[in-house]
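User: I'd like to learn how to read a few local features in a protein model. Could you walk me through some?

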Amino acid sequence: MKKLISLILALAMVLSLAACGGSSSTTSDDDGATSVTISDDDLDYTYGEHFYSETPVTYTMYLNDNSAYPYKDAWSEEGGIFWAIQEATNVTLDIQIVDNTDYTDKVSLAVSAGNAPYIIPKIYSETAYVTGGGVVPVSDYVQYMPNYQAFYEEYDMEDDVASLYQEDGKYYRLPGMKETCLQDYTICIRDDIFKAAGYDVSELEDDWTWDEFVDILVDVKAYMVSEGMIDESDYIWSDMWCGAQSGQGNGGNLLKLIGASYGIYSGWAMSMSSNYGLVFNTDTDEFELGSTSENYKEMMTVVQRMVDEGILDPETFTQNDDTAQNKFYRGETALLSVNRSTYTTTDAGLATGVGEGNYSLYRILVPIGTTDEQAENERLECGIMISTNALDELGEEEFIKMMRFVDWLWYSEEGQTLTKWGLEGETYTVDDNGNYSLTDGYYCAGLSIAQTSDDQVDMRVELGYACGNFMYGGTTELLTSNFDEGLRDFYDRMSEYRSLRDLDPTISLSEDELEQANLWGTPLDDTINSWTLGFAEGLYDLDEYWDQYVADVESQNVESLLDLYNTRYQESQAG
């Protein structure tokens, strides 16, 4: 490994003698806008070049610490991800560790107080941070990021990135950009149980509806009861990512998946859309509130039916994730939500719980509601904010140097491969056909690469590679480089039988309008989420309480919010 790093360093030194050590001059035009002219030497850092700082530098950075793979000192020691970054670039990342459950709050407090670290990764929505001046308008500096620019141009990301622009015509988050949109989250079933109950899902899922799916689940439960696997009072679906641990108080992943099939935002999508549940109707050419529509009512009717018929455990919306997982591992349930990272963990859990060879798993296509559109339709991922502290403390020239480091680490194929796969020859190899595989000493649950021997260690847990602080995007080839045959089959089926929803138009609001929208939208979100969970848990009968629900929601300044969005949309069309 030391030989490999020496080669990397030797190459980096050759490529970087002028990459980061030049000079710059600053000028202002008649309007007071500032521009920076970089010396010719600095321009040697171009697309495809390796970033290396001639002198050692340190940049502060938040680390979003996930309980599934918590930070270890080994990540900064020889072989770990932060050590590898330092060896490759001569940049030390001074990380400030923040627990995932408190990350958004801690970021908000630090940005507001003016003491945030330079680099703030894993940000899903930056709008709340823009008005205070605590983060840099990164759109002013992407001109110095050749890998970012090359990807933007090659894969026509203009319309996607347009969704990030604020009212001032700038954007404040460097997004993860993907060549294609790959639906990450879906539902995994015990295919062996479904087939024993008489259902070959692979022959039914192409165009099945939620009602048809629930009919199947009723029969699957009847089979499990008849075989003594569960009691009649038990539920066969008790899901994760919806409750106290990660549901965000809105129903989490499951309601996001179901809501998307009805053309509305629900669950996680309520917080990720940042539009307070407003959806754009292409037929009427205006925004409307999806949460009081007939589509919402149909969605919640399905959810309540699953609870009423003893299929979906209402504790799904309150329990911790490991509770749901353990029920599935013990064979008490037949369905569980998964994503690419958790599939291997789910498989391993079943192998321990019910025994290897006693089960088979299958990723299903989410049933159709009023549309066949998948839940994820964006080619942008979470991304990186840059604190104003970086610009103030480093100065313009050194700040641009840092942006070039960010460009290499998050947007170059070399940097993306390093943070995903680790060190070639040490943690992974690539064969003559371009196929990636981990070396014998490693497995990685985060890449859905299972452990095959007791002497293997999890590369993500032990060394920090393939973690959520870095893996935001890239080419389809790189994104799928770890996919097994089953996952590739899932995406083939998604491509053939499900469609992508058009992106909603971008609405740019002024600072005052953003503040007003938030004053209206926050209690609106809270009201919708509270009622939605009440419906989902069976606390309120949908038909009995529907009118009261609609009245309660509409009392939260809905019309004012709609007027604001539709007025700004019409102005953007006219302008």
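Analyst: Gladly! Let's begin with how elements are named: helices are DSSP runs of at least four residues, and they are numbered from the N terminus. With that in hand, Ala-466 can be placed in the loop between helix H16 (459-463) and helix H17 (476-479). Please keep in mind that this is a predicted model.

User: What is the phi of Ala-466?

Analyst: Ala-466 has a phi near 60°, which is positive even though the residue is not a glycine.

User: Is Ala-466 buried or exposed?

Analyst: Here a cut-off helps: buried means under 20% relative accessible area, and exposed means over 50%. Ala-466 has a relative accessible area of 2%, so it is buried.

User: Which other residue, just after H5, takes a positive phi?

Analyst: That is Asp-156, with a phi of about 50°, and it is not a glycine either. Asp-156 sits in the loop between H5 and H6. Its relative accessibility is 59%, so Asp-156 counts as exposed.

User: How do I read a charged surface patch, and which residues form the negative one?

Analyst: The idea is to join like charges within 9 Å, using residues with over 30% relative accessible area and no salt bridge. In this model, Glu-153, Asp-156, Glu-158 and Asp-159 make up a negative patch. One of them, Glu-158, belongs to helix H6 (residues 158-161). Glu-158 is exposed because its relative accessible area is 53%.

User: Which residues of helix H5 are buried?

Analyst: First, a general point: an α-helix has 3.6 residues a turn, so residues three or four places apart point the same way. In H5 (residues 146-154), the buried residues are Pro-146, Asn-147, Tyr-148, Ala-150, Phe-151 and Tyr-152.

User: And what covers the buried residues of H5?

Analyst: The cover includes H6, strand S6 (174-177) and helix H14 (388-411). So H6 holds Glu-158 of the patch and also helps cover H5.

User: Let's try one more. Where is Tyr-549, and what is it in contact with?

Analyst: Tyr-549 is part of helix H20 (residues 542-554). With 0% relative accessibility, Tyr-549 counts as buried. To read contacts, look for heavy atoms within 4.5 Å. Setting aside neighbours within four places in sequence, Tyr-549 touches Ser-291, Thr-292, Tyr-296, Ile-528, Trp-531 and Phe-535.

User: How far apart are Tyr-549 and Thr-527?

Analyst: They are 22 residues apart in sequence, and their C-alpha atoms are 8.9 Å apart in space.

Terms used:
Residues are numbered from 1 along each chain as its sequence is written. This is a predicted model: local features need pLDDT of at least 70, side-chain atom pairs count only at pLDDT 80 or more; totals for chains, interfaces and linings use all residues. Side-chain values use heavy atoms; hydrogens and water are left out. Patches are made of residues with over 30% relative accessible area and no salt bridge: like charges are joined within 9 Å, nonpolar side chains (Val, Leu, Ile, Met, Phe, Trp, Tyr) within 5 Å. Accessible areas come from the Shrake-Rupley method with a 1.4 Å probe; for residues, only the protein chains shown count as cover. A salt bridge is a side-chain nitrogen of Lys or Arg within 4 Å of a carboxyl oxygen of Asp or Glu. Lys and Arg count as positive and Asp and Glu as negative; His and the chain ends are not counted. The place of a charge is taken as NZ of Lys, CZ of Arg, CG of Asp or CD of Glu. Helices (H or I, at least four residues) and strands (E, at least two) are DSSP runs, numbered from the N terminus. Buried means under 20% relative accessible area, exposed over 50%, partly exposed in between (1.4 Å probe, protein chains only).
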